[in-house]
Amino acid sequence: MLKKRAQELLVAAFEALQIPVSAETIRLEIPRQEFGDLATNVALTLAKRLRKPPRAIAEQIAEVLRTMAEDLAQVEVAGPGFINLRFTPQFYHQMLRQIVEQGAQWGRHQAEHPLSVNVEFVSANPTGPLHLGHGRNAAIGDTLANLYEWMGHKVVREYYFNNAGNQMRMLALSIYARYRQLLGDADYPLPEDGYRGEYITDIARSLVEQYGDQLRQGTEEQLQLIQKKGEEWCFRMIRQTLDRMGVQFDVYFNEDRLYTEGKIEEVIALFRQKGLVYEKDGALWLKLTAVGRPQDRVIVKSTGEPTYRLPDIAYHREKFERGYDVLIDVFGADHIATAEDVKAALAALGYDVSRLKVILYQFVTLLEDGKPVKMSKRSGKTYTLDTLIDEVGADVVRFFFLMRSVSKHLEFDLNLAREQSEKNPVFYLQYAHARIASIFRKMDERGIAISEAAMMEGIEQLQQPEELALIKELARFPEIIEAATSAAEPVILADYLRDVATAFHRFYHQHPVLGADSPLREGRVALLHATQTTLRNGLAILGVSAPERM
RNA sequence: GCGCCCGUAGCUCAGCAGGAUAGAGCAGCGGACUUCUAAUCCGCAGGUCGCAGGUUCGAAUCCUGCCGGGCGCGCCA
């Protein structure tokens, strides 16, 4: 809200001076405290075009701004030509009134043209429990979905359920091997690249309980049954873990459907029409080099089975056909090449791939005592997301996965996460919220009831630097949501909430609320409400709880 | 070899549509609880922004090259 207002004022000033400048070229940033509330370098960027020294331009604009004067307490030209702005306390009071009025809706945008958005994330194969990478994926995807909702769009959360590839066959064979071992064939070998986790034995055990030795022969039919049971089991595990992460999907899209509904065949036919496929060595190749990709790829193996790339393309085409305005994929960094291939293929089929945003997040390393925890897929010795949640709780897990840029490798420091103390950054935010809740409880105990009207009255009493600094911080919330959404970076919101908490703790430390005299007390209560709302809403977007007490 | 991501304080990271003295958290040192939660606050200390060039009035930020780390480059998914 601050930047928007400043931008309006600057645009008006430029108009008065008859200098044509578009609003977007006026960039505002928050400078060091002593310079002001906002600063712009617009005079510096215009210097060349206007052939005037930047300071002279800045002075001119500043002059006009000073005469307009509304909402601005101070306009200064500094350094090489920055214009520093400081708002009046009255302006901040007005903001605070708006926040209190909006209450639970504070921070929500009303999109002029609401978009339909599909966010596909997690999409882990139903062959085992979720791991840390999936956890980061879940946290990022769900938060992006939340952000789009807060921007006023309509969001569908979707999970692509990859239950048709040959990894499923491997799952069945792995379970079968354990099943045989349980039946007494201790030496029955696990397949070369089989799944080795504990859960495989659990599944096998449940089969023994249900079927006894009836599946011993391992006929095709029996293996299919085992596969089905394994898939269901894994799916249940996955959903339980996602539940604990606070993630709910609207759509689970089964890969099966692409086959049963003929989508795979359709895509092949389309590629044929466009002359984008050819046969070689008994396989069907997609001519990706014709659409700017470095290599052609096999899409149907010589065995007649499609490679994973083909259903991927068919699936994305299906999503496009459903008519979303925006499609978002959340993938691990290892999907780079595939994602680009899928995009190029869809573009070749005539789809507007600018609507498809692929979010690639970097890998997660688990650190314990400063050293990476070794994970081995072969031995099945991996650290599951469930284990992590058991150990540190869902709030910490979600926050830790969101507190770094998506594009950065993430070091998950187990020792820090386990720390139930001030060192843990999650608690810092939650504590601010709980502290406010505590004051409200105290008010109840003492029988203090304050009407909204009284709060609104009291707001103009807020003149202390810590009070104004806190309002200033709160006022950024809608802009932060917008920035985090357009950059697809939850960390922007996470960092912001820390700043809010800091501003609050400073205020709290310096100024008593209930001990203050009316009407200042009422004004401070309004500030508490606004702060709590901001923290609660922000934490909700991140999927972290806002506790009433700690 | 090629492609993508990353290199900023002891550690983990912000800042990067160029701009005013490069910021946080943790760790270190020193202060603040008879008051609404000290899971807090205040202060001190800590940096050749990987290296070398280039563009510019101005580069952590843009360009090129190199060095270092991660991830890819399957008829696996």
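**Entry 1: a hairpin and its neighbour**

I began with β8 and β9, which form a hairpin with two residues between them, and I noted that Asp281 in the turn has a positive phi of about 50°. The model I am reading is a predicted one, and I keep that in mind for every entry below.

Strand β8, residues 277-280, pairs with β9 in the antiparallel sense over four bridges, and when I looked up Val277 I found that its bridge partner in β9 is Leu286. On to the next strand: β9 and β10 run antiparallel and are joined by three bridges, with Arg297 in β10 as the bridge partner of Leu286.

I then asked which residues of β9 (283-286) are buried on each of its faces. Ala283 and Trp285 are buried on one side, while Leu284 and Leu286 are buried on the other, and both faces of the strand are thus recorded as covered. This fits the general pattern that side chains in a regular strand alternate between the two faces of the sheet.

**Entry 2: the four-stranded sheet**

Next I looked up an open sheet of four strands, whose order is β1-β2-β4-β3 and whose pairing is antiparallel. The edges are held by β1 (28-29) and β3 (72-78), each with a single partner strand, so one side of each has no neighbour in the sheet. For the pair at one end, I noted that β3 and β4, the latter covering residues 82-87, are joined in the antiparallel sense over six bridges, and that Val75 stands opposite Leu85 in β4.

**Entry 3: helix α16**

I turned to helix α16, residues 425-445, and checked its length: its 21 residues should span 30 Å at 1.5 Å a residue, and the end C-alpha atoms are 31 Å apart, which agrees. I listed its buried residues, among them Val426, Phe427, Leu429, Ala434, Ile436, Phe440 and Met443, and I noted that Gln430 and His433 are buried as well.

Which elements do the buried residues of α16 pack against? They pack against α14 (394-402), α20 (490-510) and α21 (520-542). After the helix comes Gly447, whose phi is positive, near 70°.

**Entry 4: RNA strand B**

I went on to the surroundings of RNA strand B, where 60 residues surround the strand and the closest are Phe82, Tyr308, Tyr431, Ser438 and Arg506. I asked which element supplies the largest share of this surface, and found that it is α16, with nine residues. At least two residues each come from β4, α6 (166-182), β10 (297-300), α12 (336-348), α16 and α20, so named here that earlier entries can be tied to this one. The residues of the surface divide into 22 nonpolar, 18 polar and 20 charged.

From the side of the RNA, 68% of the atoms of strand B that lie within 4 Å of the protein belong to sugar or phosphate, and the rest to bases. I looked up three individual approaches. An N or O atom in the side chain of Arg27 is 2.8 Å from a phosphate oxygen of RNA strand B; a polar backbone atom of Tyr508 is 3.2 Å from a base nitrogen; and a backbone N or O atom of Val513 lies 2.7 Å from a base nitrogen.

**Entry 5: a buried arginine**

Is Arg157 buried or exposed? Its relative accessibility is 8%, and because buried means under 20%, Arg157 counts as buried. I found this residue in strand β6, residues 154-161, and its side chain is joined to that of Glu149 by a polar contact of 3.0 Å. Leaving out residues up to four places away in sequence, Arg157 touches residues including Val119, Phe121, Asp142, Gln248, Phe249 and Asp250.

**Entry 6: helix α11**

Helix α11, residues 309-321, is mostly covered, with twelve of its 13 residues buried; among these are charged ones such as Arg309, Asp312, Arg317, Glu318 and Lys319. Its 13 residues should span 18 Å at 1.5 Å a residue, and the end C-alpha atoms are 18 Å apart, which agrees. Just after the helix, Gly323 takes a positive phi of about 90°.

**Entry 7: the whole chain**

I closed with chain A as a whole, which has 21 helices and 15 strands and whose C-alpha atoms fill a box of roughly 90 × 60 × 40 Å along the principal axes. Of its 550 residues, 50% count as buried.

Notes. Residues numbered from 1 in each chain as written. Chains lettered and ligands numbered in written order. Predicted model: local features only at pLDDT ≥ 70, side-chain atom pairs only at ≥ 80, totals over all residues. Heavy atoms only, no water. Expected span 1.5 Å × (residues − 1). Buried < 20%, exposed > 50% of the residue type's maximum accessible area, 1.4 Å probe, protein only. Contact = heavy atoms within 4.5 Å. Pairing = 2+ DSSP bridges. Near = heavy atom within 4 Å. Polar contact = N/O pair within 3.5 Å; in protein donor to acceptor, adjacent residues only side chain to side chain.
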